[in-house]
Amino acid sequence: MPIDVDLIKRIREETGAGVLEVKQALENNGGDEQKAKEELAKKGIAKAAKKQDRETKDGLVYAYVHANGKIGSMISLACETDFVARTEDFKKLCHELALQAATEEYPSIESFLAAEYVRDPSKKISDLIAAVTAKVGEKIELKNFVRLSVLG
(Lines give C-alpha, C1' and ligand atoms only; values in the text may rest on other atoms or scores of the structure.)
Protein backbone atom coordinates (compact mmCIF):
# COMPACT_ATOMS: atom_id res chain seq x y z
CA MET A 1 0.00 0.00 0.00
CA PRO A 2 1.56 3.32 -1.03
CA ILE A 3 1.88 5.89 1.78
CA ASP A 4 1.02 9.51 0.96
CA VAL A 5 4.13 11.72 1.07
CA ASP A 6 2.14 14.67 2.44
CA LEU A 7 0.93 12.52 5.32
CA ILE A 8 4.51 11.47 6.12
CA LYS A 9 5.62 15.09 6.02
CA ARG A 10 2.79 16.25 8.30
CA ILE A 11 3.39 13.51 10.89
CA ARG A 12 7.13 14.17 10.76
CA GLU A 13 6.57 17.88 11.48
CA GLU A 14 4.19 17.08 14.35
CA THR A 15 6.32 14.41 16.01
CA GLY A 16 9.89 15.23 15.06
CA ALA A 17 10.43 11.61 14.02
CA GLY A 18 12.51 10.79 10.97
CA VAL A 19 10.95 10.20 7.56
CA LEU A 20 11.77 6.49 7.62
CA GLU A 21 10.41 6.11 11.16
CA VAL A 22 7.14 7.77 10.14
CA LYS A 23 6.85 5.67 6.98
CA GLN A 24 7.52 2.48 8.97
CA ALA A 25 4.94 3.42 11.62
CA LEU A 26 2.32 4.09 8.95
CA GLU A 27 3.10 0.78 7.22
CA ASN A 28 2.93 -1.07 10.56
CA ASN A 29 -0.51 0.41 11.20
CA GLY A 30 -2.07 0.06 7.76
CA GLY A 31 -1.84 3.79 7.04
CA ASP A 32 -3.79 4.74 10.20
CA GLU A 33 -2.45 8.17 11.14
CA GLN A 34 -3.52 8.07 14.81
CA LYS A 35 -2.09 4.60 15.45
CA ALA A 36 1.15 5.60 13.71
CA LYS A 37 1.45 8.65 15.97
CA GLU A 38 0.86 6.47 19.03
CA GLU A 39 3.60 4.08 17.91
CA LEU A 40 5.98 6.98 17.34
CA ALA A 41 5.13 8.41 20.78
CA LYS A 42 5.99 5.09 22.43
CA LYS A 43 9.30 5.02 20.59
CA GLY A 44 9.94 8.61 21.65
CA ILE A 45 9.40 7.75 25.30
CA ALA A 46 11.82 4.85 24.95
CA LYS A 47 14.40 7.16 23.35
CA ALA A 48 13.96 9.67 26.17
CA ALA A 49 14.46 6.97 28.80
CA LYS A 50 17.81 6.03 27.24
CA LYS A 51 19.06 9.61 27.72
CA GLN A 52 18.28 9.89 31.44
CA ASP A 53 21.84 9.13 32.61
CA ARG A 54 23.26 12.09 30.70
CA GLU A 55 24.23 15.34 32.42
CA THR A 56 22.35 18.59 31.78
CA LYS A 57 24.67 21.61 31.75
CA ASP A 58 22.59 24.26 29.96
CA GLY A 59 19.00 25.41 29.63
CA LEU A 60 16.74 28.37 30.33
CA VAL A 61 14.96 30.14 33.13
CA TYR A 62 11.51 31.05 31.85
CA ALA A 63 8.85 33.27 33.43
CA TYR A 64 5.13 33.31 32.71
CA VAL A 65 2.65 35.91 33.95
CA HIS A 66 -1.06 35.27 33.47
CA ALA A 67 -2.94 37.95 31.53
CA ASN A 68 -4.49 39.46 34.65
CA GLY A 69 -1.05 39.99 36.24
CA LYS A 70 -2.13 38.36 39.50
CA ILE A 71 -0.56 34.93 38.98
CA GLY A 72 2.77 33.96 37.53
CA SER A 73 5.40 31.27 37.55
CA MET A 74 9.05 30.70 36.85
CA ILE A 75 10.75 27.49 35.82
CA SER A 76 14.31 26.31 35.36
CA LEU A 77 14.50 23.79 32.52
CA ALA A 78 17.84 22.15 31.75
CA CYS A 79 19.23 20.45 28.66
CA GLU A 80 22.64 19.25 27.55
CA THR A 81 23.69 22.09 25.21
CA ASP A 82 23.01 25.74 24.48
CA PHE A 83 22.17 24.72 20.91
CA VAL A 84 19.03 22.89 22.11
CA ALA A 85 18.23 25.63 24.65
CA ARG A 86 17.91 28.08 21.73
CA THR A 87 15.53 25.91 19.67
CA GLU A 88 11.87 26.80 19.25
CA ASP A 89 10.86 23.36 20.52
CA PHE A 90 12.70 23.91 23.81
CA LYS A 91 11.37 27.45 24.22
CA LYS A 92 7.82 26.27 23.54
CA LEU A 93 8.25 23.53 26.14
CA CYS A 94 9.46 26.16 28.64
CA HIS A 95 6.34 28.22 27.98
CA GLU A 96 4.01 25.24 28.38
CA LEU A 97 5.67 24.12 31.63
CA ALA A 98 5.59 27.64 33.08
CA LEU A 99 1.94 27.99 32.09
CA GLN A 100 1.19 24.68 33.79
CA ALA A 101 3.10 25.74 36.92
CA ALA A 102 0.88 28.82 37.19
CA THR A 103 -2.33 26.76 37.20
CA GLU A 104 -2.03 25.38 40.74
CA GLU A 105 0.29 24.68 43.66
CA TYR A 106 2.34 21.53 43.16
CA PRO A 107 4.09 20.19 46.27
CA SER A 108 7.10 18.76 44.39
CA ILE A 109 8.72 18.33 41.01
CA GLU A 110 7.54 14.72 40.96
CA SER A 111 3.90 15.72 41.45
CA PHE A 112 4.27 18.41 38.78
CA LEU A 113 5.67 15.89 36.28
CA ALA A 114 2.83 13.46 37.04
CA ALA A 115 0.13 16.12 36.62
CA GLU A 116 -2.30 16.12 33.70
CA TYR A 117 -1.39 18.68 31.06
CA VAL A 118 -3.97 21.50 31.16
CA ARG A 119 -4.24 21.71 27.37
CA ASP A 120 -4.62 17.93 26.90
CA PRO A 121 -5.57 15.88 29.99
CA SER A 122 -4.69 12.65 28.16
CA LYS A 123 -1.02 13.64 28.54
CA LYS A 124 1.14 14.06 31.61
CA ILE A 125 3.74 16.82 31.93
CA SER A 126 6.43 14.14 31.81
CA ASP A 127 5.05 13.11 28.39
CA LEU A 128 5.62 16.63 27.05
CA ILE A 129 9.23 16.55 28.21
CA ALA A 130 9.76 13.05 26.79
CA ALA A 131 8.38 14.11 23.40
CA VAL A 132 10.74 17.08 23.12
CA THR A 133 13.64 14.96 24.40
CA ALA A 134 13.01 12.48 21.59
CA LYS A 135 12.69 15.25 19.04
CA VAL A 136 15.85 17.20 19.95
CA GLY A 137 17.95 14.19 20.96
CA GLU A 138 19.04 15.52 24.35
CA LYS A 139 18.07 14.93 27.94
CA ILE A 140 15.71 17.61 29.25
CA GLU A 141 15.16 18.01 32.95
CA LEU A 142 12.95 20.27 35.04
CA LYS A 143 15.26 21.59 37.76
CA ASN A 144 12.92 23.88 39.65
CA PHE A 145 9.65 25.81 39.49
CA VAL A 146 7.77 28.34 41.57
CA ARG A 147 4.24 29.74 41.42
CA LEU A 148 3.59 33.29 42.58
CA SER A 149 0.22 34.81 43.34
CA VAL A 150 -0.99 38.08 44.88
CA LEU A 151 -4.25 36.29 45.66
CA GLY A 152 -2.75 34.26 48.48
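How much area does the protein chain expose, and what share of it do carbon and sulfur atoms supply? I looked that up before anything else: the chain exposes about 8,900 Å², and carbon and sulfur atoms supply 53% of that area. A note to myself before going on: this is a predicted model.

**Entry: the whole chain**

I wanted the overall layout next. The protein chain has seven helices and five strands. Going along the sequence, I wrote the order down as α-α-α-β-β-α-α-α-β-β-α-β. I took the extents from the C-alpha trace, which spans about 60 × 30 × 25 Å along its principal axes. Of the 152 residues, 34% count as buried. I also checked how far contacts reach along the sequence. Among those between residues at least 6 apart, 55% join residues at least 24 apart.

**Entry: strands β1, β2 and β5**

I started on the sheet with β2, residues 71–79. Seven of its nine residues are buried, so the strand is largely enclosed by the rest of the structure.

Which strands does β2 pair with? One partner is β1 (residues 58–65), antiparallel to β2 over eight bridges. Another is β5, also antiparallel, with nine bridges joining it to β2.

I then picked out single positions. On the β1 side, Asp-58 stands opposite Cys-79 of β2. On the β5 side, Ala-78 has Glu-141 as its bridge partner. The β1–β2 connection is a hairpin with five residues between the strands. In that turn I found Gly-69 with a positive phi of about 75 degrees.

A reminder for reading side chains here: in a regular strand they alternate between the two faces of the sheet.

**Entry: Lys-143**

Is Lys-143 buried, exposed or partly exposed? Its relative accessible area is 41%, so I put Lys-143 down as partly exposed. Lys-143 belongs to strand β5, residues 140–149. Its side chain makes a polar contact with the side chain of Glu-141, at 3.2 Å. That is the Glu-141 I had already noted as the bridge partner of Ala-78.

Leaving out neighbours within four places in sequence, I listed what touches Lys-143: Thr-56, Ser-76, Ala-78 and Ile-109. I also took a distance to Asp-58, which is 85 residues away along the chain. The C-alpha atoms of Lys-143 and Asp-58 are separated by 11 Å.

**Entry: aromatic rings**

How many aromatic pairs does a search of the whole structure find? I got three. In one of them, Tyr-106 and Phe-112, the ring centres are 5.0 Å apart and the planes meet at 85 degrees, so I logged the pair as edge-to-face. Another joins Phe-112 to Phe-145, and this one is stacked, with 4.8 Å between centres and 25 degrees between planes. Phe-112 is in helix α6 and Phe-145 in strand β5, so their pairing ties together parts 33 residues apart in sequence.

Putting the ring pairs together, I get a cluster of Tyr-106, Phe-112 and Phe-145. I checked burial for its members as well. Tyr-106 has a relative accessible area of 9%, so I count it as buried. Phe-112 is buried at 0%, and Phe-145 is buried too.

**Entry: Ala-115**

Where is Ala-115? I found it in the loop between α6 (109–114) and β3 (116–117). With the cut-off for buried at under 20% relative accessible area, Ala-115 counts as buried because its value is 11%.

Neighbours within four places aside, Ala-115 is in contact with Gln-100, Tyr-106, Lys-123, Lys-124 and Ile-125. Tyr-106 in that list is also a member of the ring cluster. I took one distance here, to Asn-68: 47 residues apart in sequence, 24 Å apart C-alpha to C-alpha.

**Entry: helix α7**

Ile-125, one of the contacts of Ala-115, brought me to α7, residues 125–136. This helix has 12 residues and reaches 17 Å from first C-alpha to last. That is close to the 16 Å expected at 1.5 Å a residue.

Which residues of α7 are buried? I noted Ile-125, Leu-128, Ile-129, Ala-130, Val-132 and Thr-133. For reading such a list, I kept in mind that an α-helix has 3.6 residues a turn, so residues three or four places apart point the same way. Just after α7 comes Gly-137, with a positive phi near 80 degrees.

Terms used. Residues numbered from 1 in each chain as written. Predicted model: local features only at pLDDT ≥ 70, side-chain atom pairs only at ≥ 80, totals over all residues. Heavy atoms only, no water. Helix = DSSP H or I, 4+ residues; strand = E, 2+ residues; numbered from the N terminus. Expected span 1.5 Å × (residues − 1). Buried < 20%, exposed > 50% of the residue type's maximum accessible area, 1.4 Å probe, protein only. Contact = heavy atoms within 4.5 Å. Polar contact = N/O pair within 3.5 Å; in protein donor to acceptor, adjacent residues only side chain to side chain. Phe/Tyr/Trp six-rings, centres within 6.5 Å; stacked < 30°, edge-to-face > 60°. Areas by Shrake-Rupley, 256 points an atom, 1.4 Å probe, with all protein chains shown as cover. Pairing = 2+ DSSP bridges.
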